[in-house]
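User: Please take a close look at the packing in this model and talk me through it at bench level. I'd like one connected account.

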Amino acid sequence: MNAQTNEKDSAPETSGEPVASAEEIAELRKEIDWLDSEILRLVKRRVEVSQTIGAARMAAGGTRIVYNREMDVLARYRELGPDGRQLAMALLQLGRGRLGR
Ligand SMILES: O=C(O)C(=O)C[C@]1(C(=O)O)C=C[C@@H](O)C=C1
């Protein structure tokens, strides 16, 4: 940006004009509510699947964690940056429980 930049040149979200109407925002919020319920449903299913695998492995005398698989999960969320890492860690933790407990 230089000294000649004026209001008209600014990005829409900084021009003072709303980029979405109140109706659009209401619709978008409905979509967020739906997305959150889907994410929650999928996370719950992921926990179930992860616990089933973990229980079978431990019943067979295996380890509680599988390092390579956890690295694959972390890699999958890497595109989201540090927050993606936290999200992946939370998902892993939900499935196999907190380590060291
Ligand atoms: O893939 C497995 O073997 C699992 O037990 C699932 C899972 C996961 O939640 O992704 C959980 C614990 C392991 O350390 C690795 C991965």
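Analyst: Let's begin with a crossing: α2 and α3 cross in a right-handed way (the near helix is turned clockwise from the far one by less than a right angle; anticlockwise would be left-handed). A word on the source: this is a predicted model, in which local features need pLDDT of at least 70 and side-chain atom pairs count only at pLDDT 80 or more, while totals for chains, interfaces and linings use all residues. Residues are numbered from 1 along each chain as its sequence is written.

The axes of α2 and α3 come within 8 Å and cross at roughly 140° (axes are lines fitted to C-alpha atoms over the stretch in contact, with angles from 0 to 180 degrees between N-to-C directions). That angle makes α2 oblique to α3 (under 35 degrees is roughly parallel, over 145 roughly antiparallel, 65 to 115 roughly perpendicular, and the rest oblique). On the α2 side, Glu-70, Val-73, Leu-74 and Arg-76 meet Arg-85, Ala-88, Leu-91 and Leu-92 of α3 (contact is C-beta atoms, placed from the backbone, within 7 Å). By class, this contact holds 5 nonpolar, no polar and 3 charged residues (Ala, Val, Leu, Ile, Met, Phe, Trp, Tyr, Cys and Pro are nonpolar, Asp, Glu, Lys and Arg charged, and the others, Gly among them, polar).

Helix α3 (residues 81-96) also packs on α1 (residues 22-59), at an angle of about 55° with the axes 7 Å apart. α1 and α3 are therefore oblique to each other, and their crossing is right-handed. From α1 the contact takes Val-43, Arg-46, Val-47, Ser-50, Gln-51 and Gly-54, and from α3 it takes Leu-91, Leu-94, Gly-95 and Arg-96. Sorted by class, the residues where α1 and α3 touch are 4 nonpolar, 4 polar and 2 charged.

Now to the ligand. Around it sit Ser-50, Ile-53, Gly-54, Ile-65, Val-66, Arg-69, Glu-70, Val-73, Leu-92, Gly-95 and Arg-96 (C-beta atom, placed from the backbone, within 6 Å of the ligand). Two or more of these shell residues come from each of α1, α2 (67-76) and α3. The shell has 5 nonpolar, 3 polar and 3 charged residues.

A few single residues help you find your way around. Val-49 is in helix α1, and it counts as exposed because 11 C-beta neighbours lie inside 10 Å (12 or fewer is exposed, 20 or more buried, anything between partly exposed). Val-49 and Leu-91 are 42 residues apart along the chain, with 12 Å between their C-alpha atoms. Met-89 belongs to helix α3 and is partly exposed, since it has 14 C-beta neighbours inside 10 Å. From Met-89 to Gly-62, 27 residues away along the chain, the C-alpha separation is 21 Å. Ser-21 lies in the segment before α1 and is exposed, having 9 other C-beta atoms within 10 Å. Ser-21 and Ile-32, 11 residues apart in sequence, are 16 Å apart from C-alpha to C-alpha.

Stepping back, the protein has 3 helices and 0 strands (DSSP runs: H or I of at least four residues, E of at least two), and its elements run α-α-α from the N terminus. Of its 101 residues, 0% count as buried. Among contacts with a separation of 6 or more, 41% join residues 24 or more positions apart.

How values were computed
Contact = placed C-beta atoms within 7 Å.
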